[in-house]
Amino acid sequence: MGFEALPERLAQVRAVLAQRAAHPVTIVAVTKGFGTEAVRAALAAGIADIGENRVQEAVQKQDEMGAGGKGPGIRWHLIGHLQRNKARVVVGRFDIVHSIDSLELATELNRRLQAPMRVLLQVNVAGEAQKSGCAPAEAPAVARRLAALPHLMLEGLMTIAPFTDAPDVQRRTFRGLRELRDALQEEGLWLPTLSMGMSADYGTAVEEGATVIRLGTVLFGPREATTP
């Protein structure tokens, strides 16, 4: 699979950001389902932030790229669900984990770390049973406990909006995360990062304050169907 259209698609994304975001926004290129050629294409296009949903897929790509994938300027983001029994695998592999969804997971990761790691607290703002993330009502207490762990640097919140074409539903989810973050900051927690928005809804997300967007198909095109 080639990614010749990536620079043009990236330019279109940046044009949307210029129109709809009044603040800097980091683009994370989500290479789930694509090979290391997608990672290299993103880097060549000027995207240094690479997102992966699955730990094992990320590790494979990092190993294929050599030096654990830690080439000059590349930053690896784990954006998918992290199981507690895989916490040890992320140590030294990722620059930031977006998907800390419980105090138990945070405690296990903290125990495994020797140096500080940047993390985000995932919040299930929409309350969907199939999604990971702590409940909004629990988020303040979890965030305060997480921020006190010595090896984790809590720098913000993450959420996933419902898979819908209804902008009002998307907006309500993103606004809910921003309002939660603002309330936590009023209590003294400095949380500058809001990771929210994907290929289908990133425009709405940045209007509601997203500072990080996670883009896959809008950059790389549709993923090829895989056979069981």
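**Packing of helices α2 and α3 and the largest pocket**

In this predicted model, helices α2 and α3 are roughly perpendicular to each other (angles of 65 to 115 degrees). Their packing angle is about 70 degrees, and their axes lie 9 Å apart, the axes being lines fitted to C-alpha atoms over the stretch in contact, with angles from 0 to 180 degrees between N-to-C directions. Helix α2 spans residues 36-44 and helix α3 residues 55-65; helices are DSSP runs (H or I) of at least four residues, numbered from the N terminus. The contact (heavy atoms within 4.5 Å) involves T36, V39, R40 and L43 of α2 together with K61, E64 and M65 of α3.

Among the 26 residues lining the largest pocket, K32, N53, I160, F163 and M198 lie nearest its centre. A pocket is an open set of points on a 1 Å grid, fitting a 1.4 Å probe, with protein on both sides within 12 Å along at least five of seven lines; lining residues have an atom within 4 Å of a point.

Residues are numbered from 1 along each chain. Local features require pLDDT of at least 70, and side-chain atom pairs pLDDT 80 or more, whereas totals for chains, interfaces and linings use all residues; side-chain values use heavy atoms, without hydrogens and water.

Conventions. Helices (H or I, at least four residues) and strands (E, at least two) are DSSP runs, numbered from the N terminus. Angles under 35 degrees count as roughly parallel, over 145 as roughly antiparallel, 65 to 115 as roughly perpendicular and the rest as oblique.
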